[in-house]
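Hi,

Here is the structure I said I would pass on. Have a look at it first, and then read my notes underneath.

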2 protein chains.
Amino acid sequence: MLFRIDLNSPKPVYQQVIDQVKYAVAAGRLRAGDRLPAIRDVATQTRVNRNTVARAYLELEREGVIRTNAGQGSFVRDEGPAGVHRARARRVLADLIDEMLAQARQFQMAEAEVIALVNERLSKVELE
Amino acid sequence: MLFRIDLNSPKPVYQQVIDQVKYAVAAGRLRAGDRLPAIRDVATQTRVNRNTVARAYLELEREGVIRTNAGQGSFVRDEGPAGVHRARARRVLADLIDEMLAQARQFQMAEAEVIALVNERLSKVELE
DNA sequence: TAGTTGTCCTATATGATCTAGGACAATAGG
DNA sequence: CCTATTGTCCTAGATCATATAGGACAACTA
């Protein structure tokens, strides 16, 4: 696992670390039990203060993505029963979609136009 | 035109004003030539400092959404030949869609599953 | 025992955001 | 001409999030 930090990004550094870990886990590049690099190592390599990296790891643990123990390091957690997370994921995504559709209605966009736009973005985003 | 400002939102107040004007224009609630409320009036009604509102109006003028003259006020600009407002609406919606797709990717959802979910919500939301 | 690791702590710096209010030119309407 | 309105410009300060800096310590490993 290596991090790419952009100091000029509007996104905070600690958030970039969080997102990159989450993405790596979702993409399968990091699997349950895999160890994350040590906070101080990440800090050195990315030239970021160690407290900033620690903040990211702390948040990741609070969200249940990793487990961490002093002296050992931080490790990707087991997923647990897949069905539960799956249902919750669907609910979260449905809310986002509803919000998007509400905006489309405000713009008086036709249904076909919205679908076309979704497909257009899908082809660009390269899902999975 | 009236504004709804949420001081607890992570989105800056001036950005909320900008977005609400843009959305109103894109949705057709504000049309070319329509006058925006005076900066000081908006500030009073929303209990926001007048400089904050002025910053939003300034940004809207720089983006070509409105034209403004001291002593007169601010007015929605003509669209021009290209359908600028329409294009802006598409961009706003594309951003929302991208955000949604990013979340879907985090959830490791297949493309087909996302599309199915969009269609499911579409049929419930009754677009237009 | 010595080194690694995560954690906690205080202190400081910076930038964005927001507030506060003074001052002024352009405009509109008597 | 006079007055009120409107947008604009200015300085000043408060607050918050982010990030840096480094000291200290407990848990763990070899």
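Below is what turned up, taken one part at a time.

Before anything else: this is a predicted model, so please read every distance here as computed from it.

**DNA strand C**

I started with this strand. There are 27 residues around DNA strand C, and those that come nearest are Arg40(A), Val13(B), Arg50(B), Asn51(B) and Arg55(B). Sugar or phosphate makes up 54% of the strand C atoms within 4 Å of the protein, with bases making up the rest.

Which elements build the surface here? Chain A brings α2 (39–46), α3 (50–62), β2 (66–69) and β3 (73–76), while chain B brings α1 (13–27) and α3 (50–62), each with at least two residues. The top contributor is α3(B), with four residues. Sorted by class, the surface near strand C has eleven polar, eight charged and eight nonpolar residues.

Some phosphate contacts are worth pulling up on screen:

- Val13(B) puts a backbone N or O atom 2.4 Å from a phosphate oxygen of strand C.
- Ile39(A) also uses a backbone N or O atom, at 2.8 Å from a phosphate oxygen of strand C.
- Arg55(B) works through its side chain instead, with an N or O atom 2.7 Å from a phosphate oxygen of strand C.

**DNA strand D**

Now for the other strand in my notes. DNA strand D is surrounded by 27 residues, and the closest are Val13(A), Arg50(A), Asn51(A), Arg55(A) and Arg40(B). Of the strand D atoms that come within 4 Å of the protein, 54% are sugar and phosphate.

The surface near strand D draws at least two residues from each of α1 (13–27) and α3 of chain A, and from each of α2 (39–46), α3, β2 (66–69) and β3 (73–76) of chain B. Here α3(A) has the largest share, four residues. The classes come out as eight charged, eight nonpolar and eleven polar residues.

What does Asn51(A) reach on strand D? A polar atom of its side chain sits 2.8 Å from a base oxygen. Chain B has side-chain approaches to this strand too: Thr68(B) has an N or O atom 3.1 Å from a sugar or linking oxygen, and Glu61(B) has a polar atom 3.5 Å from a phosphate oxygen.

**Chain A against chain B**

The contact between the chains involves 39 residues of chain A and 38 residues of chain B. It buries about 4200 Å², and carbon and sulfur atoms give 66% of that area.

Four salt bridges cross the interface. One pairs the side chains of Glu120(A) and Arg90(B), at 3.2 Å from N to O. Six residue pairs are in polar contact between the two chains, counting pairs where both residues have pLDDT 80 or more.

On the chain B side, the elements giving two or more residues are α1, α4 (84–106) and α5 (111–125). The largest share there is that of α4(B), at 16 residues. By class, this side has 22 nonpolar, twelve charged and four polar residues.

**The sheet in chain A**

Last item: chain A has an open sheet of three strands, paired antiparallel in the order β1-β3-β2. Because β1 (35–36) and β2 stand at the edges with a single partner strand each, one side of each has no neighbour in the sheet. The antiparallel pair β2(A) and β3(A) is joined by four bridges, and Asn69(A) stands opposite Gly73(A) of β3(A).

Cheers

Terms used. Residues numbered from 1 in each chain as written. Chains lettered and ligands numbered in written order. Predicted model: local features only at pLDDT ≥ 70, side-chain atom pairs only at ≥ 80, totals over all residues. Heavy atoms only, no water. Near = heavy atom within 4 Å. Polar contact = N/O pair within 3.5 Å; in protein donor to acceptor, adjacent residues only side chain to side chain. Nonpolar A, V, L, I, M, F, W, Y, C, P; charged D, E, K, R; others polar. Contact = heavy atoms within 4.5 Å. Buried area = accessible area lost by both parts, 1.4 Å probe. Pairing = 2+ DSSP bridges.
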